[in-house]
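Colleague: Please take a close look at one part of this model for me, and then carry on to the rest from there.

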Amino acid sequence: MSLLEKKASGAARSGPETRRGNAFDRILERESIPLSRTAPEVLQLNLGRLCNQVCRHCHVNAGPTRTEMMSDATAREAIALMDRISSLSTLDLTGGAPEMIPCFRYLVEEGSRRGVKIIDRCNLTILNEPGYEYLAEFLASHRVEVVASLPCYSRENVDKQRGEGMFARSIKGLQQLNAFGYGVAEGKDAAEALRLHLVYNPGGPGLPPPQEKLEEAYRERLAEDFGILFDKVITIANMPIGRFRSDLLRSGQLDAYQTKLEEAFNPATVPHLMCRTHLSVDHEGYLYDCDFNQMLDLGMGGKRLHMGDVTAETLRRLPIATGDHCFGCTAGSGSSCGGALA
Ligand code: SF4
Ligand code: SF4
């Protein structure tokens with residue numbers, strides 16, 4: 001039953017549906033849009049929930065007191081999985097703040113040795129935390145692509161969402177990256193460029209604005225105000241899960257936001273959904289179709305599978321596990337770890 005159907009029947013809203021046959025599946029069926037996995041391209045490892053920040057919109061409920069973290073043994077299994085599945089060409093490291101987890105350096109070094117693309121999903125302020133002075137140079141020397149969260153170019157909006165003083169520290173982090181050549185593509189060929197992308201997410205229960213227009217505004221303001229350069233802006237919709245969901249529940253906006261996502265369903269986004277090409281792995285090595293399903297404990301294809309037990313063939317045969325939250329990926333221009341989809 002979709003939210004609209006539930007409202008009509010007066011049924012109470014519960015958490016995200018986790019079985020096949022939910023509202024998202026039904027809309028795919030109605031529109032005759034298949035959702036199937038292709039050969040996996042991206043291994044996205046969630047190294048743990050430890051973070052130096054406590055943001056209001058955080059879908060993983062990360063923070064300084066979280067203790068979950070990937071062990072060295074699990075990190076070695078992840079590298080073995082990359083070696084076993086040859087279609088995996090990107091190692092995407094996320095968290096929490098992935099750089100705070102001890103196996104982060106090992107994973108970067110092993111990925112770099114294998115010549116795969118490495119992505120660090122960085123919150124920027126970690127670059128100027130005591131003890132992380134080495135980080136910008138380390139990332140540059142291993143040619144790691146940095147996807148950095150900066151939810152706005154205004155101090156007021158960033159501090160409201162991420163905490164007092166976080167805007168100034170994020171700007172400092174960007175300047176540290178620029179100093180090592182990040183985001184300064186001019187005069188370099190594509191293979192040499194150190195990529196720096198900025199992630200925008202809305203401050204509240206709204207859809208992100210058009211990515212290209214927003215990028216223009218970021219480019220102008222960050223260059224004029226702080227002399228900062230970057231490659232592109234990635235827009236990501238807030239998923240109605242985790243801390244953001246609790247916020248929506250508290251303010252009585254959850255149903256309205258879910259309705260907004262469902263009404264903005266865009267079929268053109270489905271072929272580009274990241275669950276088709278990504279393998280998401282938690283800090284213990286279990287597999288999910290995406291980071292959002294991981295946060296909902298909705299295992300890959302609805303099963304609890306460890307990465308040590310799978311082959312490319314096992315994965316190919318698994319369906320993608322969906323729920324009401326999937327409308328967050330297909331609303332408007334769509335949303336993924338790589339930005340808008342359509
Ligand atoms: S949104 Fe990112 S930076 Fe903020 S608490 Fe969550 S993991 Fe940390
Ligand atoms: S939340 Fe998005 S990426 Fe994850 S399974 Fe649903 S549609 Fe796919």
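Where is the place of R143?

Modeller: R143 lies in the loop between α5 (135-141) and β4 (145-149); helices (H or I, at least four residues) and strands (E, at least two) are DSSP runs, numbered from the N terminus. This is a predicted model, where local features need pLDDT of at least 70, side-chain atom pairs count only at pLDDT 80 or more, and totals for chains, interfaces and linings use all residues. Residues are numbered from 1 along each chain as its sequence is written, while chains are lettered from A and ligands numbered from 1 in the order in which they are written.

The backbone of R143 deserves a remark: its phi is near 55°, which is positive, and R143 is not a glycine. Most residues other than glycine have a negative phi. R143 has 17 C-beta neighbours inside 10 Å, so it counts as partly exposed (20 or more other C-beta atoms within 10 Å make a residue buried, 12 or fewer exposed, and anything in between partly exposed, with C-beta atoms placed from the backbone). D297 also has a positive phi, of about 60°, and is not a glycine either. D297 sits in the loop between α11 (291-295) and α12 (312-317). Because D297 has 11 C-beta neighbours inside 10 Å, it counts as exposed.

Next comes the interior. The largest nonpolar core (buried Ala, Val, Leu, Ile, Met, Phe, Trp, Tyr and Cys residues joined through C-beta atoms within 7 Å) holds 90 residues, and those with the most contacts inside it are L43, A78, L107 and V146. A78 is in contact (C-beta atoms, placed from the backbone, within 7 Å) with L43, L45, L107, V281 and M307, if residues up to four places away in sequence are left out. E77 belongs to helix α3 (residues 72-84). With 15 C-beta neighbours inside 10 Å, E77 is partly exposed. Outside its neighbours within four places in sequence, E77 meets G285, M307 and G308. G285 is 208 residues from E77 along the chain, yet their C-alpha atoms are 7.9 Å apart.

The loop between β1 (42-46) and α3 contains C58 and also S71. C58 has 22 C-beta neighbours inside 10 Å and therefore counts as buried, whereas S71 has 15 other C-beta atoms within 10 Å and is partly exposed. Leaving out residues up to four places away in sequence, C58 touches G242 and R243. From C58 to R317 there are 259 residues in sequence and 32 Å in space, C-alpha to C-alpha. S71 and S86 are 15 residues apart along the chain, and 24 Å separates their C-alpha atoms.

C58 is also one of the residues around ligand 1 (those whose C-beta atom, placed from the backbone, lies within 6 Å of the ligand). The others are C51, Q53, V54, C55, V60, A62, G95, G96, A97, N123 and S149. Sorted by class, this shell has seven nonpolar, five polar and no charged residues (nonpolar: Ala, Val, Leu, Ile, Met, Phe, Trp, Tyr, Cys and Pro; charged: Asp, Glu, Lys and Arg; polar: the others, Gly among them). Around ligand 2 stand L273, M274, C275, D289, C290, F292, N293, I320, T322, H325, C326 and C329. That shell divides into eight nonpolar, three polar and one charged.

A pair of helices is left. The axes of α6 (residues 155-162) and α7 (residues 166-179) come within 8 Å and cross at roughly 105°; axes are lines fitted to C-alpha atoms, for helices over the stretch in contact, and angles run from 0 to 180 degrees between N-to-C directions. α6 and α7 are therefore roughly perpendicular to each other (angles of 65 to 115 degrees; under 35 is roughly parallel, over 145 roughly antiparallel, and the rest oblique). On the α6 side R155, V158, D159 and R162 take part, and they meet M166, F167 and S170 of α7. By class, this contact has three nonpolar, one polar and three charged residues.

Last, T259 is in helix α10 (residues 254-263). T259 is partly exposed, with 15 other C-beta atoms within 10 Å. F327 is 68 residues from T259 along the chain, with 9.3 Å between their C-alpha atoms.

Notes
Contact = placed C-beta atoms within 7 Å.
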